[in-house]
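Here is a short report for a reader new to this structure. Look over the sequence and the model, then read on.

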Amino acid sequence: MVASVTNLGRSGLYDWVIQRLTAVILALYTLFLLGFVIASPDLQFAQWQGLFAQTWMKMFTLVALMSICAHAWVGMWTISTDYLKATAVRFAFQLVCAGFLFVYLVWGIDILWSV
Amino acid sequence: MLVSVYRYNPEKDEAPYMQDYEITVPGNKDVMVLDILHMVKEQDPTLAFRRSCREGVCGSDGVSINGKNGLACITPISEPTKGKMDKLVLRPLPGLPVIRDLVIDMSLFYKQYEKIKPYLMNDKPAPAIERLQTPEERAKLDGLYECILCACCSTACPSFWWNPDKFVGPSGLLQAYRFLADSRDTSTADRLAELSDPFSVFRCRGIMNCVNVCPKGLNPTRAIGHIRNMLLNQQV
Ligand code: SF4
Ligand code: SF4
Ligand code: FES
């Protein structure tokens with residue numbers, strides 16, 4: 001058993017499941033948005049806002065936002081533990097990633113709730 | 001034919017270098033790469049490489065042949081040269097420390113093998129005769145037990161290059177599954193618990209370099225998939 005303190009799911013299996021589950025959610029979200037844009041050829045601001053004003057869309061977007069953060073964290077954590085061998089450098093990289101993801105999440109929620 | 005060999009003697013050389021030899025194969029026959037190594041050694045006795053059985057059984061002469069890992073003794077020279085028999089480039093298996101020339105230090109590889117406890121563990125009282133298996137149970141071990149620990153697969157695996165101390169690697173995982181799949185072994189749960197961390201199994205990215213090089217035609221990627229499914233089933 002190889003112990004690690006910075007990975008998300010505490011176990012390789014959870015990370016693996018998180019990665020696959022969030023990938024499905026993100027694919028669904030992308031397809032939905034793509035479908036919406038294609039289905040509304042002359043898309044106007046009001047229509048776009050109307051979409052995001054609905055509670056279910058807010059929830060869907062929130063879930064997608066959280067998915068992208070979890071997905072990115074697992075991915076970046078993996079990359080950092082593959083290629084960055086110096087502990088200080090790796091930790092700094094992980095810190096920067098975590099910082100960015102946290103800001104994106106808070107910012108995203110803020111935007112979402114202001115619609 | 002031109003044979004370019006990786007040379008490094010840490011007692012004399014500051015850095016590794018490639019040394020070229022011109023080798024004439026008697027009768028232009030399609031000999032094995034190991035035969036070529038012996039011919040080079042006749043020219044230059046300082047060359048160091050490992051070999052023992054010379055028939056693909058002991059697993060000691062894994063080398064990188066024209067960029068692809070394989071056993072020198074069962075690789076005919078026509079194969080890596082695509083029939084041209086013009087040039088061979090021989091290097092030690094990548095990713096592990098070089099002791100000298102083509103001889104590598106396999107300690108990390110063996111440490112990973114040791115980690116998966118490559119022996120049967122059974123907590124039931126030993127029967128008077130052997131522990132019997134049905135032919136079906138025995139068949140589950142086919143494609144697993146044949147591994148000769150040559151390390152061709154693990155040293156071709158990028159995940160093993162980056163984390164040879166944490167990722168068990170294709171060879172070790174194939175063996176891990178060999179004991180997980182054995183009906184006579186009762187420590188499946190403990191074995192799985194040891195493998196559930198983010199590195200031991202889950203560093204496998206499914207690149208399948210291991211399958212591509214295994215001289216015994218084994219499929220570590222499939223075994224790794226089975227282990228992942230077992231871990232998943234155990235959790236849900
Ligand atoms: S399939 Fe997995 S074990 Fe095999 S070479 Fe790729 S990463 Fe390594
Ligand atoms: S799985 Fe194949 S390549 Fe890997 S150590 Fe065993 S025999 Fe060698
Ligand atoms: S010498 Fe034994 S496998 Fe090649």
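Is B:Trp162 buried, partly exposed or exposed? B:Trp162 is partly exposed, with a relative accessible area of 31%. Here buried means under 20% relative accessible area, exposed means over 50%, and partly exposed lies in between (1.4 Å probe, protein chains only).

This is a predicted model, in which local features need pLDDT of at least 70 and side-chain atom pairs count only at pLDDT 80 or more, while totals for chains, interfaces and linings use all residues. Residues are numbered from 1 along each chain as its sequence is written, chains are lettered from A and ligands numbered from 1 in the order in which they are written, and side-chain values use heavy atoms, with hydrogens and water left out.

**Chain B in outline**

Chain B has 8 helices and 7 strands. Both kinds of element are DSSP runs, numbered from the N terminus: helices are H or I with at least four residues, strands are E with at least two. The C-alpha trace of chain B spans about 60 × 35 × 30 Å along its principal axes. Of its 236 residues, 49% count as buried. Among contacts in chain B with a separation of 6 or more, 63% come from residues 24 or more positions apart. A contact means heavy atoms within 4.5 Å.

**Strand pairing**

Two strands pair if DSSP finds at least two bridges between them. The table lists three pairings in chain B.

| Strands | Sense | Bridges | One facing pair |
|---|---|---|---|
| S1(B) (residues 2-7) and S5(B) (residues 87-91) | parallel | 4 bridges | B:Ser4 and B:Val89 |
| S3(B) (residues 62-65) and S5(B) | antiparallel | 2 bridges | B:Ser64 and B:Arg91 |
| S3(B) and S4(B) (residues 68-71) | antiparallel | 4 bridges | B:Ile65 and B:Lys68 |

S5(B) pairs with S1(B) in the parallel sense and with S3(B) in the antiparallel sense. S3(B) and S4(B) form a hairpin with 2 residues between the strands. In that hairpin, B:Asn66 takes a positive phi near 45°.

**Aromatic rings**

A pair of aromatic rings is described by the distance of the centres and the angle of the planes. Rings of Phe, Tyr and Trp (its six-membered ring) pair if their centres lie within 6.5 Å; planes under 30 degrees apart count as stacked, over 60 as edge-to-face and the rest as tilted.

How many aromatic pairs does a search of the whole structure find? The search finds 12 over all chains. One of them joins A:Tyr29 and A:Phe60, edge-to-face, at 5.0 Å centre to centre with 80° between the planes. A:Tyr29 lies in helix H1 (residues 12-39) of chain A and A:Phe60 in helix H3 (residues 55-83) of chain A, so the pair ties together parts that are 31 residues apart in sequence. A:Tyr29 is buried at 12% relative accessible area, whereas A:Phe60 is partly exposed at 22%.

B:Trp161 and B:Trp162 have ring centres 5.9 Å apart and planes at 70°, so that pair is edge-to-face too. B:Trp161 is partly exposed, at 32% relative accessibility.

One aromatic cluster in chain A is formed by A:Tyr29, A:Phe32, A:Phe36, A:Trp48, A:Phe52, A:Trp56 and A:Phe60.

Charges also sit over rings. This requires NZ of Lys or CZ of Arg within 6 Å of the ring centre and within 35 degrees of the ring normal. A:Lys58 has its charged end over the ring of A:Trp113, 5.8 Å from the centre. B:Lys166 lies over the face of B:Phe199, at 5.1 Å from the ring centre.

**Around the ligands**

A residue belongs to a shell if one of its heavy atoms lies within 4 Å of the ligand. Ala, Val, Leu, Ile, Met, Phe, Trp, Tyr, Cys and Pro count as nonpolar, Asp, Glu, Lys and Arg as charged, and the others, Gly among them, as polar.

The residues around ligand 1 include B:Cys157, B:Cys204, B:Arg205 and B:Cys210. Helix H7 (209-213) and helix H8 (220-235) of chain B each give two or more residues to this shell. By class, the shell has 8 nonpolar, 3 polar and 1 charged residues.

The shell around ligand 2 includes B:Cys147, B:Leu149, B:Ala151, B:Cys214 and B:Lys216. It divides into 10 nonpolar, 1 polar and 1 charged residues.

B:Leu149 is found in the loop between helix H3 (135-139) and helix H4 (158-162) of chain B. Its phi is near 55°, a positive value in a residue other than glycine. B:Leu149 is buried at 18% relative accessible area. B:Ala151 lies in the loop between H3 and H4 of chain B, with a positive phi near 75°. B:Ala151 is buried at 1%.
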